[in-house]
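Welcome, and thanks for taking a look at this one. Please open the model in your viewer and keep the sequence at hand as you read.

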Amino acid sequence: MGVTVDMLALTCAVLLGAGYVLFLALGRMPRLAPAIREAWPILHTETLIVGTVAGAFWLGGWVLTLALLLLAGRTAYEAASVAARRGLPVPPVAAGLALPLLCSVSAFLPMAILITVTLAGLAAGLALRAAGTVRGAPWLDFVLFPVLPLFLFTAAGVQGLVSVWLLAAFILVETFDSYALLGGKLFGRRRAFPSLSPNKTVEGLAAGAVMLMLTAALVGAALAGLPVLSSAAVALFVGALAVAGDLAASRLKRLSGVKDYPRVLPHQGGLLDIADAWIAAGAGLVAAVGLAGVA
């Protein structure tokens, strides 16, 4: 991959700037102005999130390691707090401390082992769920998401070998979410997932997917001369994983009867509300490039 973390951090700044310009332009149209006014606070919060993540990856080293471990600990704590309502036998604080510790130790393992353990765990968990022997078990839902994807995401990220892929996944997810949000507010009519995620619309997801592939193709070609079709395909893969991660996190909340994970930011909810799509997409992209021998 001919793209560096520095280039991706700069891309974050450029895309954020483009987002503000787009919002200003659309806000001048009387028909669209109400929807744009409603979305402005979300854009400001997104700017804080993007700046924090891009800054951590740009600084790298112990800053990035600490940030990833804090992300793992907080998201594990939040997921365990929600799953505890259904009888999860692991105390939330214990989960929040144990997962970063496990990731720190596992970071010394070869990437192939991290990927194999994660994929084998996911396959075994899905097989158990399909067999119906542990149907409805809160620990199984908790392990399948977020624990296993977060384990690969964090342990691989701490090694520093896949930082560029994790940051690329973050940019693609944020781009997809932003376009899908805007498309849903402007054109959304039909709910895509009424039970799990009622705010998502078919039109919004379609707009997000099309614009994500277009953005990835243009940016990939401009930054590193990447093939247009390859960039668009990777973007679509990441977008699909992002939706899957978001739905998996929403499922945990719905099963426990809560709306948000323990809140950390306004307009966003908890850290797992913010990072669920990135965790799934980042882990999936790391696994894909590892299996392809690219990482």
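Which residues does T75 touch, not counting those up to four places away in sequence? They are L150, L271, L272 and I279. Bear in mind that this is a predicted model. The notes below start from T75 and then move on to helix packing, aromatic rings and K185.

**T75 and its surroundings**
- T75 sits in helix 3.
- With a relative accessible area of 0%, T75 is buried, the cut-off for that being under 20%.

**Helix 2 against helix 3**
- Helix 2 covers residues 33–59 and helix 3 covers residues 61–83; their axes are 6 Å apart and make an angle of about 135 degrees.
- Angles from 65 to 115 degrees count as roughly perpendicular and those over 145 as roughly antiparallel, and helix 2 and helix 3 are therefore oblique to each other.
- On the helix 2 side the contact is made by A56, F57 and L59, which meet G61, V63, L64 and A67 of helix 3.
- Sorted by class, this contact of helix 2 with helix 3 holds 6 nonpolar residues, 1 polar residue and no charged ones.

**Helix 9 and the residue after it**
- Helix 9 runs over residues 228–256, and at 1.5 Å a residue its 29 residues should span 42 Å.
- The end C-alpha atoms of helix 9 are 43 Å apart, which agrees with that expectation.
- G257, just after helix 9, has a positive phi of about 75 degrees.

**Aromatic rings**
- The model has 5 aromatic pairs, counted with ring centres within 6.5 Å.
- One of them joins F153 and W278 edge-to-face, with 4.9 Å from centre to centre and 90 degrees between the planes.
- F153 belongs to helix 6 (residues 138–159) and W278 to helix 10 (residues 271–291), so this pair ties together parts that are 125 residues apart in sequence.
- F153 and W278 are both buried.
- Ring pairs also link F57, F153, F170 and W278 into a cluster; F57 is one of the helix 2 residues that meet helix 3.

**K185**
- Look for K185 in helix 7, residues 163–187.
- Is K185 buried, partly exposed or exposed? Its relative accessibility is 29%, and K185 counts as partly exposed.
- Leaving out residues up to four places away in sequence, K185 touches A35, E38 and A39.
- K185 and R37 are 148 residues apart in sequence, while their C-alpha atoms are 11 Å apart in space.

Note on methods. Residues are numbered from 1 along each chain as its sequence is written. This is a predicted model: local features need pLDDT of at least 70, side-chain atom pairs count only at pLDDT 80 or more; totals for chains, interfaces and linings use all residues. Side-chain values use heavy atoms; hydrogens and water are left out. Axes are lines fitted to C-alpha atoms, for helices over the stretch in contact, and angles run from 0 to 180 degrees between N-to-C directions. Helices (H or I, at least four residues) and strands (E, at least two) are DSSP runs, numbered from the N terminus. Angles under 35 degrees count as roughly parallel, over 145 as roughly antiparallel, 65 to 115 as roughly perpendicular and the rest as oblique. Contact means heavy atoms within 4.5 Å. Ala, Val, Leu, Ile, Met, Phe, Trp, Tyr, Cys and Pro count as nonpolar, Asp, Glu, Lys and Arg as charged, and the others, Gly among them, as polar. The expected span of a helix is 1.5 Å times one less than its number of residues. Rings of Phe, Tyr and Trp (its six-membered ring) pair if their centres lie within 6.5 Å; planes under 30 degrees apart count as stacked, over 60 as edge-to-face and the rest as tilted. Buried means under 20% relative accessible area, exposed over 50%, partly exposed in between (1.4 Å probe, protein chains only).
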